[in-house]
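Biologist: I'm new to this one, and I'd like to go through it step by step with you. Let's put it up on the screen.

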Amino acid sequence: MNAASQKLTRALMRLGPAILPFADAATVELPLGRLLRLALFQVTVGMAAVLLIGTLNRVMIVELGVPAWIVAVMLALPLIFAPLRALVGFRSDTHRSLLGWRRVPYIWFGTLLQFGGLAIMPFALLILSGDTTGPLWVGNLAAALAFLLVGAGLHTTQTVGLALATDLAPAHARPKVVALLCAALLFGMMASALLFGLFLAHFSPVRLIQVIQGAALVTIILNGFALWKQEPRDPNRTQTAPQRDFRSSWRAYAGEGTARRRLVAIGLGTAGFSMQDILLEPYGGQILHLSVGATTALTALLAAGGGLGLLVAARWLGRGGDPFRVSAVGVGIGILAFSAVVFAAPLASADLFAAGVSLIGLGGGLFAHGTLTASMNRAGPEDTGLALGAWGAVQATAAGLSIAASGLVRDVGGAIAQSGVLGEGMNEPAIGYLIVYHIEIALLFAALLALGPLVREDARTEDRDRIANGLAGRTA
């Protein structure tokens, strides 16, 4: 009986990684329970992103009647902190703490910033909408402060959280850890979007206060649980922490052979995948005449493709694959995906459009996983925060600017086309959208050009290592 139980246990342990996504990301140094707990910070980041970009975008314009230009400015405010992610990561690398922590103080204060911003946000939005007997500038100021606090907290928490994950995970497990963290972000976005939609189905000011402040409470609870007993305390770090200034550290990091090209590739690829974020659903409804339910399902297709991309990238990289090659394959799939979306309009094919959306998610998942893993691999033990902060700064800034530009390009391009300047054949409602999608294809081609030398450089490095190992083996 004992032998049979042991055999069954061993069989189940072998089966677990095969049937449970990311079960094989666990290691002796970072067990699965601890890893899943750490990933909760990504859930709260996803929740905050959906609240800002999705839920409040609609609530402020439709239910509260806030002018669209004010909404656009408020939603853009968190981007102010995106370029500072490299500085935040650097500070966490060199932090001197009497308690012996480097990452925990930054993640916790980032959490408090998110909590504070979400706590005051509903009241600020109600004043901003004109529901007050006082001066309206108070609403503008309070709403701006709330969005700035949430943005600063979000960027700080994610940057330093990724650095902590890199510190804790052994090198061979990092691709799978990255996939799990990205999947947690996707889960947070999807689950919170469904819950926010459910809770705000019958809108009222009181319900808005409850939902946003509930999100603040969930944020501080989940992040506190995620941090519990994660980073080992080392009081001696106060004396041994390196004394470096940001400028010289950045110069050394950016001066590394492929660092600038890597950041350029990340920026181009992210912009190429992100411009469609606010246009796919309107494109499906206005051009392909899809129902509201059908266009809403596009979000699920995009997320499903992204999840599949993360899984494929994790397995590929786990077997020793080159992260830049994974990223390049993702970019290639993205080019095919946007081509399918473009041809869906003249062919009036909803199926081709759905396939294109799924492939956008797949390519984006491969690209994001590959570039983040490459950044982790290039980070030394003393500059992990700086390296991941640089990745986050470029990625977040490129995504924000490209999303903002896409709406402007669509409106201006569509207006020019419908004015007849481009000729009768171009006077179609789809032209504004198609201009954006062609720009995305061009950006992805540019990203491929930037990635090419990086793939070759990695291949040469692997060849040199293989030759060196062979010589060492013969000598031994």
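Biologist: At 24% relative accessibility, what does R410 count as: buried, exposed or partly exposed?

Modeller: First, this is a predicted model: local features need pLDDT (the predictor's confidence in each residue, from 0 to 100) of at least 70, side-chain atom pairs count only at pLDDT 80 or more, and totals for chains, interfaces and linings use all residues. Residues are numbered from 1 along each chain as its sequence is written, and side-chain values use heavy atoms, with hydrogens and water left out. Buried means under 20% relative accessible area, exposed over 50% and partly exposed in between, with a 1.4 Å probe and protein chains only. With its 24%, R410 therefore counts as partly exposed.

Biologist: Which residue forms a salt bridge with R410?

Modeller: A salt bridge is a side-chain nitrogen of Lys or Arg within 4 Å of a carboxyl oxygen of Asp or Glu. For R410, the closest N and O atoms of the pair are 2.8 Å apart. The partner has a relative accessible area of 45%, so it is partly exposed. That partner is D411.

Biologist: How many salt bridges turn up in a search of the whole structure?

Modeller: Side chains of opposite charge can pair when their charged atoms come close. Searching the whole structure for such bridges gives a total of three.

Biologist: D167 and R102 make one too, so how many residues apart in sequence are the parts they tie together?

Modeller: In the D167–R102 bridge, the closest N and O atoms are 3.6 Å apart. D167 sits in helix 7 (residues 136–168) and R102 in the loop between helix 5 and helix 6 (104–128), so the separation of the parts they tie together, counted in residues, is 65.

Biologist: And how many residues separate R103 from D167?

Modeller: R103 and D167 form a salt bridge as well, with the closest N and O atoms 2.7 Å apart. R103 is in the loop between helix 5 and helix 6 and D167 is in helix 7, and this link between distant parts of the chain spans a number of residues equal to 64.

Biologist: Is R103 buried or exposed?

Modeller: Its partner D167 is partly exposed, at 32% relative accessible area. R102, at 9%, counts as buried. R103 has a relative accessibility of 0%, so it counts as buried.

Biologist: Which residues are linked in a network of salt bridges?

Modeller: D167 bridges to R102, and R103 bridges to D167. The linked residues are R102, R103 and D167.

Biologist: How many helices does the protein have?

Modeller: Helices (H or I, at least four residues) and strands (E, at least two) are DSSP runs, numbered from the N terminus. The strand count is zero, and the helix count is 18.

Biologist: At what angle do helix 6 and helix 9 pack?

Modeller: Axes are lines fitted to C-alpha atoms, for helices over the stretch in contact, and angles run from 0 to 180 degrees between N-to-C directions. Helix 6 and helix 9 (residues 205–227) have axes 8 Å apart, and they are roughly antiparallel (under 35 degrees is roughly parallel, over 145 roughly antiparallel, 65 to 115 roughly perpendicular, the rest oblique). The packing angle is about 175°.

Biologist: How far apart are the axes of helix 5 and helix 11?

Modeller: Helix 5 (residues 85–94) and helix 11 (residues 246–255) pack at about 105°, which means that they are roughly perpendicular. Contact, meaning heavy atoms within 4.5 Å, is made by A86, L87 and F90 of helix 5 with F246, S249 and W250 of helix 11. The distance between the axes is 11 Å.

Biologist: Which residues does I416 touch, leaving out those up to four places away in sequence?

Modeller: I416 is in helix 17 (residues 384–418) and is partly exposed, at 38% relative accessible area. In space, I416 is 8.7 Å from N427, C-alpha to C-alpha, with the two eleven residues apart in sequence. The residues that I416 touches are V421 and L422.

Biologist: Where in the protein is confidence highest?

Modeller: The average pLDDT is 81, and 84% of the residues score at least 70. Confidence is lowest in helix 1 (residues 2–19), at a mean of 53. The highest mean, 93, belongs to residues 323–347, which is helix 15.
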